[in-house]
Amino acid sequence: MGEQLTPLDLSALPLARNTHRAYAADWCSFETWCQQNGHTALPAEPRVVIAFAADAATRLKVSTIERRMAAIGWWHQSRGYESPTHRTVVRRALRTLRRQRGTPPSQKDPLLGQELMTLLGALPSTLMGRRDRALLLAGFLGGFRRSELVALNVEDLEFTDEGVVVRINRSKTDQDGRGRRLGLPAHADERLCPRRALQQWLSAAAISRGAIFRPIDRHGTVKTERLSGQGVGIVLKRYAVIAGLNPTRLGAHSLRSGLVTTAARAGKPERVIMAQTGHRSVGTLRRYIQEAVLFQENAAEGLLQPGAGGRVERHGTW
């Protein structure tokens, strides 16, 4: 049945940890399916990949199938084979599948700037409240992915008069670890200032090195391990309830998408937003921006007004 890859050797794949885990599971599903149906998994023929996708479409979402296609392609390339998912016949089949069964991905709403300020007003004056203020302000103003946010160390911060300089050592789009720097601007209002929030949290928690954001147990003890990416979403939802926002429509990604949406509505240039968020694809960024400005410069705005768009005669025809 071709080369056997169990147990999976993930060390050769320069992927983020969560992507490693997902791709491993997806590859196991494909390899098992091939074994059960008498096909070779590596290298796989395009017709086999198409058949696998068609079978999966009877029980899985299109987004899940697309991730499995990515895993199959990555696994082939990591082993020196041409990816069957890059073949035209496979791409055409997947486009057809998307048209037939595709549904828009379920996305969380962005947390807008005004909503963040409402949220911050619900924070208590406790150790946990200090942590969560620093977490929410940094997460929003930095436009961080949740994995980037929880990976931050004290050593990655530089406090200046203008704000906080943050170094991102590694991210989803920077697996080589080249890193980048961004700034979290200081704010005159202490409640909205990321510099003050981070300094107050680190001082109160007696954290001088290592992970910035950490769990706090019910006794008020700050743990040594990092807060999880899931923990960011839990924090956001907790205060959303208190602030009267719908927690089911918010998640950890709402901080990042909220920065993009709020910045776009404020007229910030795309290049400035991308410099903050680390987006490498203008197309990906513009999906956020298009949603953000649906009702700005809208072609339908003001048309149903007396005298708007009056009749124009053109040589006696309409």
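Partly exposed, as used here, sits between buried (under 20% relative accessible area) and exposed (over 50%). Keep that scale handy for the exercises below, and remember that this is a predicted model.

**Exercise 1. Get an overview**

Task: Work out how many helices and strands the protein has, and what share of its residues is buried.

Solution:
- Start with the secondary structure: the protein has 12 helices and 3 strands.
- Next, burial: of the 318 residues, 39% are buried.
- Then look at the contacts with a separation of 6 or more: 58% of them are between residues 24 or more positions apart.

**Exercise 2. Check the cysteines**

Task: Find how many disulfides the structure holds, then decide whether Cys 34 and Cys 193 are buried or exposed.

Solution:
- The disulfide count is 0.
- Cys 34 has 1% relative accessibility, so Cys 34 is buried.
- Cys 193 comes out at 0%, so Cys 193 is buried too.

**Exercise 3. A salt bridge between loops**

Task: Describe the salt bridge of Asp 109 with Arg 249, and classify each partner by its accessibility.

Solution:
- Begin with the distance: the closest N and O atoms of Asp 109 and Arg 249 are 2.9 Å apart.
- Now place the partners. Asp 109 is in the loop between α4 (88–101) and α5 (113–120), while Arg 249 is in the loop between α9 (229–243) and α10 (253–265). The two are 140 residues apart, so this pair links distant parts of the chain.
- Asp 109 has a relative accessibility of 31%, so Asp 109 is partly exposed.
- Arg 249 has a relative accessible area of 34%, which means Arg 249 is also partly exposed.
- For context, the structure holds 13 salt bridges.

**Exercise 4. Follow Asp 132**

Task: Which residues form salt bridges with Asp 132, and where do Asp 132 and Arg 238 lie?

Solution:
- One partner is Arg 131, with an N to O distance of 2.8 Å. Arg 131 and Asp 132 are both buried.
- Another partner is Arg 238, at 3.2 Å from N to O.
- Asp 132 belongs to helix α6 (residues 127–142) and Arg 238 to helix α9, so their salt bridge ties together parts 106 residues apart in sequence.
- The two ends of that bridge can be classified as well: Asp 132 is buried because its relative accessibility is 0%, whereas Arg 238 is partly exposed because its relative accessible area is 32%.
- Elsewhere, salt bridges with shared partners join Asp 26, Arg 67 and Arg 68 into one network.

**Exercise 5. Read two helix packings**

Task: Classify how α6 packs against α5 and against α9, and name the residues that make each contact.

Solution:
- Take α5 and α6: their axes come within 11 Å and cross at roughly 170°. An angle over 145 degrees counts as roughly antiparallel, so that is the label for α5 and α6.
- The α5 side of the contact is Gly 113, Leu 116, Leu 119 and Leu 120, and the α6 side is Arg 133, Leu 136, Leu 137 and Phe 140. Sorted by type, these residues are 6 nonpolar, 1 polar and 1 charged.
- Turn to α6 and α9: the angle is about 105° and the axes are 11 Å apart. That makes these two helices roughly perpendicular.
- From α6 come Met 128, Gly 129, Arg 131, Asp 132, Leu 135 and Leu 136, and from α9 come Val 232, Val 235, Leu 236, Arg 238 and Tyr 239. The tally here is 7 nonpolar, 1 polar and 3 charged.

**Exercise 6. Two residues and their neighbours**

Task: Say where Ile 168 and Thr 277 are found, and which residues each one touches beyond four places in sequence.

Solution:
- Ile 168 is in strand β2 (residues 163–168). Its relative accessible area is 2%, so Ile 168 is buried.
- Ile 168 touches Phe 144, Glu 148, Leu 152, Gly 179, Arg 180 and Leu 182. The C-alpha atoms of Ile 168 and Gly 278 are 9.5 Å apart, with their positions 110 residues apart along the chain.
- Thr 277 is in helix α11 (residues 270–277). With 0% relative accessibility, Thr 277 is buried.
- Thr 277 is in contact with Gly 142, Gly 143, Arg 145, Arg 180, Arg 256, Leu 259 and Val 260.

Note on methods. Residues are numbered from 1 along each chain as its sequence is written. This is a predicted model: local features need pLDDT of at least 70, side-chain atom pairs count only at pLDDT 80 or more; totals for chains, interfaces and linings use all residues. Side-chain values use heavy atoms; hydrogens and water are left out. A disulfide is a pair of cysteine sulfur atoms within 2.5 Å. Buried means under 20% relative accessible area, exposed over 50%, partly exposed in between (1.4 Å probe, protein chains only). A salt bridge is a side-chain nitrogen of Lys or Arg within 4 Å of a carboxyl oxygen of Asp or Glu. Contact means heavy atoms within 4.5 Å. Axes are lines fitted to C-alpha atoms, for helices over the stretch in contact, and angles run from 0 to 180 degrees between N-to-C directions. Angles under 35 degrees count as roughly parallel, over 145 as roughly antiparallel, 65 to 115 as roughly perpendicular and the rest as oblique. Ala, Val, Leu, Ile, Met, Phe, Trp, Tyr, Cys and Pro count as nonpolar, Asp, Glu, Lys and Arg as charged, and the others, Gly among them, as polar.
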